[in-house]
Amino acid sequence: MEKLDACIRNHDREIEKMCNFHHQGFVDAITELLKVRADAEKLKVQVTDTNRRLQDAGKEVIAQTEEIIRCRVQQRNITTVVEKLQLCLPVLEMYSKLKEQMSVKRYYSALKTMEQLENLYLPRVSQYRFCQIMMENLPKLREEIKEISMSDLKDFLESIRKHSDRIGETAMKQAQQQKTFSTALQKQNNINYGRNMHLGRNRILESKNEITLKRTFEDEDEHDEEVLTAQDLVDFSPVYRCLHIYSVLGDGEIFENYYRKQRRKQARLVLQPQSSMHETVEGYRRYFSQIVGFFVVEDHILHVTQGLVTRTYTDELWNMALSKIIAVLRTHSSYCSDPDLVLELKNLIVVFADTLQGYGFPVNRLFDLLFEIRDQYNETLLKKWSGLFRDIFEADNYSPIPVANEEEYRIVISKFPFQDPELDKQSFPKKLPMSQSVPQIYMQVKEFIYASLKFSESLHRSSTEIDDMLRKSTNLLLTRTLSSCLQNLIKKPHIGLTELVQIIINTTHLEQACKYLEDFISNITNISQLTVHTARLYGLSTFKDARHAAEGEIYTKLNQKIDEFIQIADYDWTMSESDGRASGYLMDLINFLRSTFQVFTHLPHNNNDHAAMSGKVAQTACMSACQHLSMSLMQMLLDSELKQISMGAIQQFNLDVIQCELFASSEPVPGFQGDTLQLAFIDLRQLLDLFMVWDWSTYLADYGQATSKYLRVNPSTALTLLEK
């Protein structure tokens, strides 16, 4: 403490020394400061005054400076806004453009605009709220575009479904016109080719064909102005737009699958026919038009789009459709009983096939189907002609055709190839040997050939094949239809013996006309009959069979008539002696046979063939009648119900047999040699002689010898009659 106090005292002394040392300076400074104080006050006043005056002068400057500062800040803000707006304006313009494109349904462009917005414009101004809103709206707009485009696609699919038949009808018309044009052009080329070789002979034909071709060209020009294509009938823009939209959105495969699925469904609907389609040709036409329209659209889509449909897809779809079409046509055509409808169906199938073939679709199976339908067409023709033949036979009077003058004669031979030099020498009026049905049948056979030819046209077959088809169908007509009609005609109860003889004559002339039918077929097909593969007509066998049937029917009817007379025979088998004259029933029977055979022999014979034919039929019929009469009389004697016979009855029976022998010897039909006809009654004669003479010793002695007087008498027959 003492040291501290000592130190403090030392410092105080030093401080005092220092103060004493600087005191005079301090006093001098105070004195000077006091002197300055007055000046400072004066300066203060001056500074205050200057400050006041400066403040007054600087108020305006301050105001202007503040204004300048505010303007500079505003200018900077404006510059910033302009810069930001320059970034935002393109975005807003693009969004506005997007909205406008949406409103005018330019969806593909709208998607492109969205893509630009997302990738180029919006990233630059992503910090702004409106950009966020835009970003959120873009996916919604995309979905909206997809929905709208899909709706348009559905409308498009519905539109092409409705317009398929019209599209197909138009395409088929174009194909038909093109085919007509090509045919006319080919004819014109053929004419030009042969002009130098056959100029004089073909000049008139050429001029006619040139006129036809010119008209065809004119018709084509007229149709060209009216023809509508698929693009004219259907707006394809929805499918293009939808395809592009889905492609841009990355859903192209989804769209392709959807489109193909929907079109497959539509294909199944199109291929499903109406139940009554087979009733009218319009039903078939609408069916074909819808199918053609469907595939024309698919072909158009195939060629104007890439990947939406492919050739593999269309081929697969066509093969499926073709199988269904063939099945439908095979079923519905089987219901057709009208040959005209079947022919129109064939023409439709040909146009249908030609149309789709023009679009690259294979149609060979359709032409194969036509061969099946051709057989059915022939069946309907055969049914139709069967009715025509029946009507002709029903209307025929079965008498020779009378011709009063040359004109009538020429009318008949213009219809039927009849030639008879002997008849030509006769004066009018005269009669042709055949009845009216012969030329009518001949003309109807030619009409049948024409009808068959109509179906064979446009089948892309050679003339040889067409010739073969015509001959086969004509053979069916002759061997089945006409033969059946003739057989039924012959069996009809109202056809008498005279009519049967006339039928025999008719069939002879029809048989002779078969060679003219063969020439007729060769002329229309330009195929020589000398060709190795040329078929022949079977008319010869048909008409021979008909003649044999008619002859057999003549014999049957005669025998039936004989049986009717025999049934009315009324013998008194117990009479003691005969009446001295033949029975009435037998005389009536002989008169009937005599008049019948007179009709046969008095039929008009214009040539030796007819005379020989009629004579042969009459001889065979007469011999058959006599044999049947002899057998019937023999059966009457041997009838098991007849128990007893008197000699008077035998004598009466003998008188009847004598009348039969007289009839046979009177040569009711010329041409028999000697007593050939009388031999039909030889069994009866020898049996009756045996009983009338009672020459049993001779019978027993000569039995078994070739020279026996009673060689034809059977022992069992003689014993049976002897017992009675």
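How many helices and strands make up the secondary structure of the protein? In this predicted model, the tally is 23 helices and 2 strands. The chain runs to 724 residues, and 42% of them count as buried. Looking at contacts with a separation of 6 or more, 80% turn out to join residues 24 or more positions apart. The accessible surface adds up to about 40,600 Å², with carbon and sulfur atoms supplying 52% of that.

On the inside, the largest nonpolar core takes in 193 residues. The residues with the most contacts inside this core include F288, W318, I325 and F352, along with I554, L633 and F653. Take F653: setting aside neighbours within four places in sequence, its contacts are Y571, W573, L633, M636, L637, L684 and L688.

F653 is also one of the buried residues of helix α20. The others listed there are G648, A649, I650, Q652, N654, D656, V657, C660, E661, F663 and A664. This helix covers residues 647–665, and at 1.5 Å a residue its 19 residues should span 27 Å. The end C-alpha atoms sit 26 Å apart, which agrees with that expectation. Just past α20, E667 adopts a positive phi of about 55 degrees.

Over on the surface, there is a nonpolar patch built from F26, V27, I30, L33, L34 and V36, which together have about 540 Å² of accessible area. L33 belongs to helix α1, which spans residues 2–103. With a relative accessible area of 53%, L33 clears the over 50% cut-off and so counts as exposed.

Technical notes:
Residues numbered from 1 in each chain as written. Predicted model: local features only at pLDDT ≥ 70, side-chain atom pairs only at ≥ 80, totals over all residues. Heavy atoms only, no water. Helix = DSSP H or I, 4+ residues; strand = E, 2+ residues; numbered from the N terminus. Buried < 20%, exposed > 50% of the residue type's maximum accessible area, 1.4 Å probe, protein only. Contact = heavy atoms within 4.5 Å. Areas by Shrake-Rupley, 256 points an atom, 1.4 Å probe, with all protein chains shown as cover. Core = buried A, V, L, I, M, F, W, Y, C linked by side-chain atoms within 4.5 Å. Patch = residues over 30% accessible without salt bridge, like charges linked within 9 Å, V, L, I, M, F, W, Y side chains within 5 Å. Salt bridge = Lys/Arg side-chain N within 4 Å of Asp/Glu carboxyl O. Expected span 1.5 Å × (residues − 1).
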